[in-house]
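Reader: Could you walk me through this structure step by step?

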Protein chains: 2
Amino acid sequence: MTEDIIFPDRNSLDEIEEGDLLRPKFDEKGLIPCIVQDVENREILMFAYMNKTALQSSIRTGLAHFYSRSRKKQWKKGEQSGNFQRIVSLQIDCDQDCILIKVKIEGGASCHLGYRSCFFRELGDVSEKMDFKLNFIEREKVFNPEDVYKKNN
Amino acid sequence: MTEDIIFPDRNSLDEIEEGDLLRPKFDEKGLIPCIVQDVENREILMFAYMNKTALQSSIRTGLAHFYSRSRKKQWKKGEQSGNFQRIVSLQIDCDQDCILIKVKIEGGASCHLGYRSCFFRELGDVSEKMDFKLNFIEREKVFNPEDVYKKNN
């Protein structure tokens, strides 16, 4: 259990945009989006949401914690798979409504399907064509999700 | 004006997660989050939202278009500042509810405050300390926003 941390108030636009204190904006569901980037090769690994306690746990422990909208609870990345994400830096954007964490990953994969990155597919063609065809830019899974996740999770 | 494009249906979880067609999920407000990454140095530049027509315009024209939640309308990145973002690749995540575009930027800046990246501040300390102090990791603005944006925009 962690006591409730009070993040600094979002007083003025100037303090939010040009100030030097973390004043995160949680949306009407109490969530803030978070981009996860590999600190070594700068690949984008994941995109997820944090609630206040997940952000607090992430900062305190240095391990990425998120909030699952489907399971309606906080989770520590890697708690089932072992693929923990160690936070090297935590950045926030201009209006402080999006977080970017740069992480070292343990286990080599970040996607629940077993891929290194959740963004393992790319649109074949950005053009008038609009055929919506995706190419797989990762050829092989790092792990087999059936081996790693228990059923009904 | 563009006619309404029908993206492929999100039929089954298997088609969404393992399939080879773009089946984007727009949330209850009709939006999908989008991460913008510099294709050259892999820096994260921005985070914004697209609605269906902004995604369609982005794919068709190869220039990043977003939806402004505050102004309640689609906008082409750079339409005021000249800092256009040319899309080199468009990726989607496992559950197809987040887009990643890798872009070449024109003008050298992506943040409305004049910084190269919107993520120009970093938490000083990821630890028990929790002092919320941010360090500026960009020292100088690329442009002065007052020179670039007209007032009341």
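Author: Happily, and let us start with a term: a residue is buried if 20 or more other C-beta atoms lie within 10 Å of its own, exposed if 12 or fewer, and partly exposed in between, with C-beta atoms placed from the backbone. This is a predicted model, where local features need pLDDT of at least 70, side-chain atom pairs count only at pLDDT 80 or more, and totals for chains, interfaces and linings use all residues. Residues are numbered from 1 along each chain as its sequence is written, while chains are lettered from A and ligands numbered from 1 in the order in which they are written.

Reader: What percentage of the residues of chain A count as buried?

Author: Chain A has 153 residues. By the cut-off of 20 or more neighbours within 10 Å, the buried part comes to 37%.

Reader: Which pattern does chain A follow along the sequence?

Author: Helices (H or I, at least four residues) and strands (E, at least two) are DSSP runs, numbered from the N terminus. Chain A has three helices and eight strands. Read in order, they give α-β-β-α-β-β-β-β-β-β-α.

Reader: Which element gives the most to the side of chain A that touches chain B?

Author: Two residues are in contact if their C-beta atoms, placed from the backbone, lie within 7 Å. The contact takes 40 residues from each of chain A and chain B. Elements giving two or more residues on the chain A side include strand E1 (32–38) and helix H2 (52–61). The most, five residues, comes from E5(A).

Reader: Which residue of E5(B) is the bridge partner of A:Glu122?

Author: Two strands pair if DSSP finds at least two bridges between them. E7(A) and strand E5 (residues 85–92) of chain B pair in the antiparallel sense over two bridges. In E5(B), the partner of A:Glu122 is B:Gln91.
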